[in-house]
Amino acid sequence: MTSYTPAQVTEKTGFTIDTLRYYERIGLLHHVGRTAGGRRVFTDQDVEFLQLLRCLRYTGMPVAEMLRFVSLLRSGDATREERVEVLRDHERRVAAQISRLQEHQDHIRFKIRLYSGAEELAAAPA
């Protein structure tokens with residue numbers, strides 16, 4: 001099994017060392033291994049789990065909801081449907097956010113065309 005230092009994990013996941021410590025302190029990460037000298041040692045499984053947390057965080061899932069999801073995950077198979085529902089709810093929010101961003105991007109592209117002279121000024125909304 002491969003092991004990683006905190007510095008290596010920050011490179012692989014994009015999290016800062018402070019964030020890793022915070023996630024461990026609040027319970028998002030638990031049972032992070034330690035060397036005989038007390039230094040944190042991460043496994044491939046830890047890195048994979050952190051990548052899931054990165055995905056959820058980057059897509060706007062609040063830390064409180066991440067904690068709920070992780071709690072359900074640790075509770076085992078009995079919570080599988082509830083975990084799926086948490087992820088479905090989050091996916092719906094992400095899809096709505098993407099749709100809003102697409103609308104904003106379309107407006108920005110219109111303005112670029114307008115200001116570049118590619119659109120008629122009279123047809124332009126404010």
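I began by fixing what I mean by a helix: a DSSP run of at least four residues, numbered from the N terminus. I also noted that the model in front of me is predicted.

**Entry on the pocket.** With that in hand I looked up the lining of the largest pocket, and found that H3 and H4 each supply at least two of its residues. The largest share comes from H3, which gives four residues. I then listed the lining by name: Leu28, Leu29, His30, His31, Thr43, Gln45, Asp46, Glu48, Phe49, Leu73 and Arg74. Sorting these residues by class, I wrote down four nonpolar, four polar and three charged ones. The space inside this pocket comes to about 300 Å³.

**Entry on the core.** Next I turned to the largest nonpolar core, which has 21 residues, and in which Leu29, Phe42, Leu50 and Leu53 have the most contacts. The elements that give two or more residues to this core are helix H2 (17-26), helix H3 (44-58) and helix H4 (63-74). I noticed that Leu29 appears here among the residues with the most contacts and also in the pocket lining. I followed Phe42 further, setting aside residues up to four places away in sequence, and found that Phe42 touches Thr2, Ser3, Tyr4, Thr5, Pro6, Val9, Leu20, Leu29, Val32 and Leu50.

**Entry on Tyr4.** Since Tyr4 was on that list, I looked it up as well, and found Tyr4 in strand S1, residues 3-4. Is Tyr4 buried or exposed? Its relative accessibility is 14%, and because buried means under 20%, Tyr4 counts as buried. Leaving aside neighbours within four places in sequence, I recorded contacts of Tyr4 with Val9, Lys12, Arg40, Val41, Phe42, Thr43, Asp44 and Val47. For one of these partners, Arg40, I also noted the separation: Tyr4 and Arg40 are 36 residues apart in sequence, and 8.6 Å apart in space from C-alpha to C-alpha.

**Entry on helix H5.** Last I looked at H5, residues 80-115, which has 36 residues and reaches 52 Å from its first C-alpha to its last, close to the 52 Å expected at 1.5 Å a residue. Which residues of H5 are buried? I found Arg83, Val86, His90, Val94, Phe110, Lys111 and Leu114. I added a reminder to myself that an α-helix has 3.6 residues a turn, so residues three or four places apart point the same way. The buried residues of H5 pack against H3 and H4. Just after H5, I saw that Gly117 takes a positive phi of about 90°.

Note on methods
Residues numbered from 1 in each chain as written. Predicted model: local features only at pLDDT ≥ 70, side-chain atom pairs only at ≥ 80, totals over all residues. Heavy atoms only, no water. Core = buried A, V, L, I, M, F, W, Y, C linked by side-chain atoms within 4.5 Å. Buried < 20%, exposed > 50% of the residue type's maximum accessible area, 1.4 Å probe, protein only. Contact = heavy atoms within 4.5 Å. 1 Å grid on protein atoms, 1.4 Å probe; cavity = no way out; pocket = protein on both sides within 12 Å on 5 of 7 lines; lining within 4 Å. Points joined across faces, edges and corners; volume = space filled by probe spheres on them. Nonpolar A, V, L, I, M, F, W, Y, C, P; charged D, E, K, R; others polar. Expected span 1.5 Å × (residues − 1).
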